[in-house]
Amino acid sequence: MTVEVFASGTMVKTKLGSITGMITASVIRFDKSQYEISYFHDGEEKIVWMNEAQFTTEANKLKIGFKTLNQFT
């Protein structure tokens, strides 16, 4: 199984508010990815979780792969 995700360190811009932030973590659940976005506001670090529909980026996705249980036997 192969999944395409944005790498940690990717710079993104939110569609709502045009806030620039950085992907600092990602979670894959079934066929969907969620990304932890870190940014600064008024000198404080803020962290939000977003899906791909909520931000834009110029970066390309990375292909990562997983083995299914039946591939281990």
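Hi everyone, this is a short walk through one predicted protein model, from its overall form to a few single residues.

A word on the ground rules first. This is a predicted model, so to speak of local features we need pLDDT of at least 70, side-chain atom pairs count only at pLDDT 80 or more, and totals for chains, interfaces and linings use all residues. Residues are numbered from 1 along each chain as its sequence is written, and side-chain values use heavy atoms, with hydrogens and water left out.

Let's start with the fold. How many helices and strands does the protein have? There are zero helices and seven strands, and the pattern along the sequence reads β-β-β-β-β-β-β. Both kinds of element are DSSP runs numbered from the N terminus: helices are H or I with at least four residues, strands are E with at least two.

Now the overall dimensions. Along the principal axes, the C-alpha atoms fill a box of roughly 55 × 20 × 15 Å. The radius of gyration is 14 Å, while a compact globule of 73 residues would come in near 11 Å. That radius is taken over C-alpha atoms, and the globule rule is 2.2 Å times the number of residues to the power 0.38.

On to the surface. The accessible surface comes to about 5,600 Å², and carbon and sulfur atoms hold 54% of that. These areas come from the Shrake-Rupley method with a 1.4 Å probe, and for residues only the protein chains shown count as cover. Of the 73 residues, 22% are buried. For us, buried means under 20% relative accessible area, exposed means over 50%, and partly exposed is in between, again with a 1.4 Å probe and protein chains only.

As for charges, the protein has 8 positive and 8 negative side chains, and the centres of the two sets lie 8 Å apart. Lys and Arg count as positive, Asp and Glu as negative, and His and the chain ends are not counted. Each charge is placed at NZ of Lys, CZ of Arg, CG of Asp or CD of Glu.

One more global number, on contacts, meaning heavy atoms within 4.5 Å. Among contacts between residues at least 6 apart in sequence, 42% join residues at least 24 apart.

Let's zoom in on strand β4, which covers residues 32-41. Is Ser38, in that strand, buried or exposed? Ser38 counts as buried because its relative accessibility is 10%. Its side chain makes a polar contact of 2.9 Å with the side chain of Thr24. A polar contact here is a pair of N or O atoms within 3.5 Å; within protein, one must be able to donate a hydrogen and the other to accept it, and residues adjacent in sequence count only if both atoms are side-chain atoms. Leaving aside neighbours within four places in sequence, Ser38 is in contact with Gly21, Met22, Thr24, Glu45, Lys46 and Ile47.

Ser33 sits in β4 too, and at 11% relative accessible area Ser33 is buried. With residues up to four places away set aside, Ser33 touches Glu4, Val5, Val27, Ile28, Asn51 and Glu52.

His41, also in β4, is partly exposed at 44%. The side chains of His41 and Asp42 share a polar contact of 3.3 Å. Between His41 and Ile19, 22 residues apart along the chain, the C-alpha separation is 9.2 Å.

Next, backbone angles. Most residues other than glycine have a negative phi. Which sign does phi of Ser18 have? Phi of Ser18 is positive, near 50°. Ser18 lies in the loop between β2 (11-14) and β3 (20-29) and is partly exposed at 47%. Phe30 has a positive phi as well, near 55°; Phe30 is in the loop between β3 and β4, and its 79% relative accessibility makes it exposed.

Two last stops. Gly9, in the loop between β1 (2-5) and β2, is partly exposed at 37%. Beyond its neighbours within four places in sequence, Gly9 is in contact with Met22 and Ile23. Lys13, in strand β2, is partly exposed at 38%. With the same four-place exclusion, Lys13 is in contact with Ser18, Ile19, Thr20, Phe55 and Thr56. Lys13 and Glu45 are 32 residues apart in sequence, with their C-alpha atoms 16 Å apart in space.

Thanks for listening!
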